[in-house]
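Here is my note for you as you begin reading this structure, set out as numbered points. Please keep the model open beside the text and look up each element as it is named.

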Amino acid sequence: MRQLSTRVIVIGAGLTGATLALALARAGFEVDLHEQAPRLEEVGAGISLSPNAMRALAWVGVADDVERISDRPGPGAILHFGTGELLRTVDREGGLARASRHGFMQLRRCELLDVLTARIRATPSIRVHLGHRLVSLATTASAVTARFDGGVEACAELLVGCDGLRSTVRALAFDESPPRLTGQLAWRCLVDAQSVRRHLGAGPSALYIGPQRFVNRYLVQQGRLVNVVAIARTERTGREGWFNPSTFAEFATEYAGWHEDVIGLVRHAPQESLFTWALFDRDPLPRWSSGRVVLAGDAAHPMLPFLGLGAALGLEDAVVLARSLERHGPGSAALERYEAERASRCAGALRDSRTQGDLYQAADPERY
């Protein structure tokens, strides 16, 4: 392990940034974790963690804690949107899961961040700074200075942007263009599982596919809640952001003709828990690093959610970057190695996610 001498600034304390802070601390770095929000919290509803994501969490020492509060999805049912007919079963207990100590897990995003945050608070080499909104960067050959609103400055040998789809770090150091609206509109809600048992006959997790739309649902919180995510390719406009309120009538209009198990789930969702948001996309960046600045997670490679890999790839980024910095130090050799290991994989996943969305939303689901 390195001696604690090199300081790294991490911008953004979401899942990628929090995992990176822990990974850097394990690799022997001091970390300043800056978050523009006034507190550490994760928005959204449920999250699926594949074995590769769990392996990254194991490297930073929290996989066992995450597993204790997670649900295992079991076999996944792919169902016809109108009839509810079983089209295919996905085996999540074989292959990767069998080869891994930790298999697939499902939980609420806030629960995962709570686990990461608890470990961060117990790690002396990580300092958390809340309410810090990045406004500018200045770099030299040996250091980078971040300036935040209110006049606060921070200087280190490396800065990592983990600040998501609309990354300020990306805009300042790499690419000022905005993300692209995709014409996809998503809904999410959490529903009390006991109240909708009759709509869960296909098992603990199920995916309904139909023309231009799909609905994914699975259990979280030890089977007490059902996480529902629905995505429609539509002419309707939507707003970015996780907390745009919606109504059951709005959802039912968009999903008219869908199976009662889909409509019934959302009908039972508390009004205050049903939200909608527009999906945005970006093409892969040609470079992830510039001098003393580098990107990770959605700041580097945001992708549509059709593979469920966005968070997992960010966790992978965190561990690979920390290991590369541990081996090579905070210079160009480490960043080049990190980018060489990650860029091709993430660009491929981004393209595959777009393709998977086309398959899920195909006009002829019977072909599955």
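1. How many bridges join strand β9 (residues 144–148) to β10, and do these strands run parallel or antiparallel? The two strands run antiparallel, and 4 bridges join them. Please bear in mind from the outset that this is a predicted model, and that this holds for every point below.

2. Staying with this pair, β9 and β10 form a hairpin that has 4 residues between the strands, and in the turn Gly150 has a positive phi of about 95 degrees. To find the register of the pairing, you can start from Thr145, whose bridge partner in β10 is Cys155. Cys155 also takes part in an alternation of side chains along β10 (residues 153–156): together with Glu153 it points to one face and is not buried, whereas Ala154 and Ala156 point to the other face and are buried.

3. The hairpin belongs to an open sheet of 3 strands, which has the order β8-β9-β10 and antiparallel pairing. The edges are taken by β8 (134–139) and β10, and because each has a single partner strand, one side of each is left without a neighbour in the sheet. From one strand to the next the twist averages 20 degrees. Between β8 and β9, which run antiparallel, there are 5 bridges, and Leu137 has Ala146 of β9 as its bridge partner.

4. Another open sheet is built from 6 strands in the order β7-β2-β1-β11-β19-β18, and its pairing is mixed. Its edge strands are β7 (126–130) and β18 (289–290), each of which pairs on one side only. Within this sheet, strand β1 (residues 7–11) and strand β11 (residues 158–161) pair in the parallel sense over 4 bridges, and the bridge partner of Ile9 in β11 is Leu159. Helix α10 (residues 332–360) packs on the sheet, where it touches β11, β18 and β19 (293–295), and the direction of α10 makes about 15 degrees with that of β19.

5. Turning to helix packing, two packed helices are described by the angle between their axes and the distance between the axes. For helix α1 (residues 15–26) and helix α9 (residues 310–328), the axes come within 8 Å and cross at roughly 25 degrees. An angle under 35 degrees counts as roughly parallel, and α1 and α9 are therefore roughly parallel to each other. The crossing is right-handed, and the residues in contact include Leu15, Thr19 and Leu24 of α1 as well as Gly314, Leu315 and Leu325 of α9. Sorted by class, this contact has 11 nonpolar, 3 polar and no charged residues.

6. Helix α1 also meets helix α5 (residues 109–121), and here the axes come within 10 Å and cross at roughly 25 degrees, so that α1 and α5 are roughly parallel to each other. Is this crossing left-handed or right-handed? The crossing of α1 and α5 is left-handed, and the contact is made by Leu15, Ala18, Thr19 and Leu22 of α1 with Arg109, Leu112, Leu113, Leu116, Arg119 and Ile120 of α5. These residues divide into 7 nonpolar, 1 polar and 2 charged.

7. Finally, please look at helix α2 (residues 51–59), in which the buried residues are Pro51, Ala53, Met54, Ala56, Leu57 and Trp59. Just after α2 comes Gly61, which takes a positive phi of about 90 degrees.

Key: Residues are numbered from 1 along each chain as its sequence is written. This is a predicted model: local features need pLDDT of at least 70, side-chain atom pairs count only at pLDDT 80 or more; totals for chains, interfaces and linings use all residues. Side-chain values use heavy atoms; hydrogens and water are left out. Axes are lines fitted to C-alpha atoms, for helices over the stretch in contact, and angles run from 0 to 180 degrees between N-to-C directions. Angles under 35 degrees count as roughly parallel, over 145 as roughly antiparallel, 65 to 115 as roughly perpendicular and the rest as oblique. A crossing is left-handed if the near helix is turned anticlockwise from the far one by less than a right angle, and right-handed if clockwise. Contact means heavy atoms within 4.5 Å. Ala, Val, Leu, Ile, Met, Phe, Trp, Tyr, Cys and Pro count as nonpolar, Asp, Glu, Lys and Arg as charged, and the others, Gly among them, as polar. Buried means under 20% relative accessible area, exposed over 50%, partly exposed in between (1.4 Å probe, protein chains only). Two strands pair if DSSP finds at least two bridges between them.
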